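Visitor: Could you take one part of this structure and go through it closely? I would like the local details first, and then how they connect with the rest.

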Amino acid sequence: MDESKANTPISAYIESLSKAGAGVVAYLREGSSAPGETFETKVKGLMLPDEVKWLWRTFDGMNSEDTTLDQLWLEGCFYFFSEAEALDDFMITQRLWEEDEAFKDYWPQGFFPIATPGDGSRMLVDCSPQSETFGAVFELLHGVGVSALAPSLFDYFTLARKWLEENAIWIDEDGNVDRDFDRSDDIQQQMFPDAMY
């Protein structure tokens, strides 16, 4: 992993949240010193993009004791998994792929979960090295299916910072990150017009 990328869009977004007074920053766990090592020993045939490793290097999930989900939403929608939580979630998914052929159409194989709003939906990253969308970020909307969020995880956090700058997300009176989804969708489509919405 290239150490020159230490100041990533992920850390820049978190710094912006901290300056804005977001309470969620206090719930971020210390980052991992060896992100992706467990993934590489447990998951065969897939490759973790460096940007996901940078996510876990920056913070390895969130301290969720004595909190509500809305306190943990980092950009007004998603709670981000630790590496261990993401792997546990992925292993459950592998069993579902084995048991139900149709599940592969709903949640594509090779798409790895890194976050959830808490309702059964997921943020997924394409970890299939042979895929044209390798490294891209998608949303699996519970009961609906997959749509594109951003070309990469760094792009997603650049987008989140833009949302904050444009007041599409803001810090509410309780210190939680809230989002205007119509406004954020407009900004997202302006930034990534070629994504599959």
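**A loop residue and the helices around it**

Guide: Phe 78 is located in the loop that runs between H4 and S1. Helices (DSSP runs of H or I, at least four residues) and strands (runs of E, at least two) are numbered from the N terminus. The model is a predicted one: local features need pLDDT of at least 70, side-chain atom pairs count only at pLDDT 80 or more, and totals for chains, interfaces and linings use all residues. Residue numbers start from 1 along each chain as its sequence is written, and side-chain values use heavy atoms, with hydrogens and water left out.

Phe 78 has a relative accessible area of 2% and is therefore buried. Here buried means under 20% relative accessible area, exposed means over 50%, and partly exposed is in between, with a 1.4 Å probe and protein chains only. Leaving aside residues up to four places away in sequence, Phe 78 touches Leu 72, Trp 73, Ala 115, Thr 116, Pro 117, Arg 122, Met 123, Glu 139 and Tyr 156. Contact means heavy atoms within 4.5 Å. Gln 130, by contrast, is 52 residues from Phe 78 in sequence and 27 Å from it in space, C-alpha to C-alpha.

Further along, Ser 82 sits in the loop between strand S1 (79-80) and H5. Its relative accessible area is 4%, so Ser 82 is buried. With residues up to four places away again not counted, Ser 82 touches Arg 29, Trp 56, Asp 60 and Gly 61.

Tyr 156, one of the residues that Phe 78 touches, leads to the aromatic residues. Tyr 13, Phe 59, Phe 80, Tyr 156, Phe 157 and Trp 163 make up one aromatic cluster. Rings of Phe, Tyr and Trp (its six-membered ring) pair if their centres lie within 6.5 Å; planes under 30 degrees apart count as stacked, over 60 as edge-to-face and the rest as tilted. By this rule there are 13 aromatic pairs. Phe 90 and Phe 112 form a tilted pair, with 5.2 Å centre to centre and 50° between the planes. This pair links distant parts of the chain, as Phe 90 is in helix H5 (residues 83-99), Phe 112 is in strand S2 (residues 111-116), and the two are 22 residues apart. Both Phe 90 and Phe 112 are buried. Phe 103 and Trp 107 also form a tilted pair, at 6.1 Å centre to centre and 35° between the planes. Phe 103 counts as buried because its relative accessibility is 13%, and Trp 107 is buried at 4%.

Phe 157 of the aromatic cluster also takes part in a helix contact. Glu 51, Val 52, Trp 54 and Leu 55 in H3 meet Leu 153, Phe 154 and Phe 157 in H7. The residues of this contact divide into 6 nonpolar, no polar and 1 charged. Ala, Val, Leu, Ile, Met, Phe, Trp, Tyr, Cys and Pro count as nonpolar, Asp, Glu, Lys and Arg as charged, and the others, Gly among them, as polar. The axes of helix H3 (residues 50-58) and helix H7 (residues 153-165) come within 8 Å and cross at roughly 55°. Axes are lines fitted to C-alpha atoms, for helices over the stretch in contact, and angles run from 0 to 180 degrees between N-to-C directions. H3 and H7 are therefore oblique to each other; angles under 35 degrees count as roughly parallel, over 145 as roughly antiparallel, 65 to 115 as roughly perpendicular and the rest as oblique.

H3 also meets H1. The axes of helix H1 (residues 9-20) and H3 come within 9 Å and cross at roughly 40°, which makes H1 oblique to H3. Ile 10, Ser 11 and Ile 14 in H1 meet Glu 51, Trp 54, Leu 55 and Thr 58 in H3. The residues of the H1 contact with H3 divide into 4 nonpolar, 2 polar and 1 charged. Within H3, Arg 57 lies over the face of Trp 54, at 5.2 Å from the ring centre. A charge sits over a ring if NZ of Lys or CZ of Arg is within 6 Å of the ring centre and within 35 degrees of the ring normal.
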